[in-house]
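Here are a few exercises to work through with the model open beside you. Try each task before you read its solution.

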Amino acid sequence: MTSPLSAASPESSPDLPEPDVAREWLSAMVSIRRFEERAGEMYARAKIGGFLHLSIGEEATIVGSARALRDEDYLVSTYRSHGDALARGTSPDRVMAELFGKRDGCSKGHGGSMHMFDAQRRFMGGYGIVGGNLPIAAGIALACDQRRHMTPAGGGDGAGHPSGPSGDEVTLCTFGDGASNQGTFGETLNLAALWRLPVVFMVVNNLFGMGTSLARHSAVTDLQRKGESLGVPGMRCDGMSIVDTNRVVSQALERVREERRPLLVEAVTYRFRGHSMADPEDYRTKEEVAEWRERDPIPAFGELLEREGVLTAEQREQIDRDAIQRVEAAVEFAEASPFPAPDMLYEDVYVIDEQVPGHYHATAGAPPVRPVGSPEGIG
Ligand SMILES: Cc1ncc(C[n+]2csc(CCOP(=O)(O)OP(=O)(O)O)c2C)c(N)n1
Ligand SMILES: [Mg+2]
């Protein structure tokens, strides 16, 4: 890539994957784009409450990195995570239903936009606290590392849970440039390096933390170097190029898997929309946004595939039509799904001790979970 912090050249790399794979990448990016455009409309119509953070413009970073993961790897992201869930394979129906706060949502309608979760696909959320996901990623990586020493040959977790980590998994943790100023960044990278945890930290540098530009919020703007003093070497990719993002994140994941120590990847990208739906965007000029839109990763990759003869213009249009149709079906699904019943408020909720009135969760048929902090609890 040329200048990492400015809108530069369009997608041009000839290092394309196999045609089927390239077409699937394009289709995944288009699906996320169409999904989020529609989600924005649904928010404006008050079908969606709370906050809604769109990743429009950042699809190459999302899909390029997700496609570098193996199925058994873990992904942990932020409140800007509809695309991460979709890229990991969660159905658009369940993501849209979650946005609507409906019972068939991937978090049963309890979470909404910021709390997507799909344990089956090893997408471990969706967190509203800036930087709050880094220690969680390190914890998952620590669990994987410990399994590695415990797992009997043949897989599983040694305790009869075939779906538990087996030890070879790597965790990919994505967070924003703003999050790199949080205490959790230093604390987590330090321990991850010290304990040689298999985690790739990916800072999604979209050049702003809400309305504050990178140069105004971070003393070090070369974010790939921000982990060096903590023992975490860095790499950078062009987050507007799915090919470059996939190449660099794949390298990072395989190095971490083999060397058993963390790496930091900086993906330089740009969000075309406001921070959330209520953002007057007076911190950047229309010209700057227009300049970055010229590098929109979706037409750039589509045009590259056409130039290289990987698909025709008609096939490109069909990919778009299919995505629009899929999103329409997701909206219908979300509309038809019921709201959670009021007593579901008490499901999946933990309380700290017995003096706090409320409930703690017990799965039907399983022994009740003792509240942490009670006399016989672990606290
Ligand atoms: C601990 C904490 N402080 C502040 C906020 C409010 N907040 C939400 S998003 C955000 C900006 C984060 O920017 P960045 O990490 O660059 O991610 P981006 O939104 O650009 O994806 C802030 C300050 C929060 N959610 N959590
Ligand atoms: Mg940011």
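pLDDT is the predictor's confidence in each residue, on a scale from 0 to 100. This is a predicted model, where local features need pLDDT of at least 70, side-chain atom pairs count only at pLDDT 80 or more, and totals for chains, interfaces and linings use all residues. Residues are numbered from 1 along each chain as its sequence is written, while chains are lettered from A and ligands numbered from 1 in the order in which they are written.

**Exercise 1.** Find out where pLDDT stays under 50.

Start with the whole chain: the average pLDDT is 90, and 84% of the residues score at least 70. Next, look at residues 154-162, where pLDDT is below 50 and the model has 15 contacts beyond near neighbours in sequence; two residues are in contact if their C-beta atoms, placed from the backbone, lie within 7 Å. Then go to residues 370-379, also under 50, with 19 contacts beyond four places in sequence. Where pLDDT is low, the predicted coordinates should not be read in detail.

**Exercise 2.** Decide whether valine 76 is buried or exposed, and list what it touches.

First, place valine 76: it sits in strand β1 (residues 74-76), strands being DSSP runs of E with at least two residues and helices runs of H or I with at least four, numbered from the N terminus. Now count: valine 76 is buried because 27 other C-beta atoms lie within 10 Å. The cut-off for buried is 20 or more other C-beta atoms within 10 Å, exposed means 12 or fewer, and partly exposed is in between, with C-beta atoms placed from the backbone. Finally, skipping residues up to four places away in sequence, valine 76 touches Met124, Gly125, Asn133, Ile136, Ala137, Ile140, Thr171 and Cys173. With cysteine 173, 97 residues away along the chain, the C-alpha separation is 4.8 Å.

**Exercise 3.** Do the same for glycine 126: buried or exposed?

Glycine 126 is in the loop between α4 (92-99) and α5 (133-150). It counts as buried because it has 26 C-beta neighbours inside 10 Å. Its contacts beyond four places in sequence include Ser77, Ser81 and His115. Tyrosine 79 lies 47 residues off in sequence, yet its C-alpha is 5.2 Å from that of glycine 126.

**Exercise 4.** Work out which helices the buried residues of α11 pack against.

Begin with the helix itself: α11 covers residues 313-336. Its buried residues are Arg316, Ile319, Ala323, Val327, Ala330, Val331 and Ala334. Following their contacts leads to α1, α4 and α10 (297-307).

Methods
Expected span 1.5 Å × (residues − 1).
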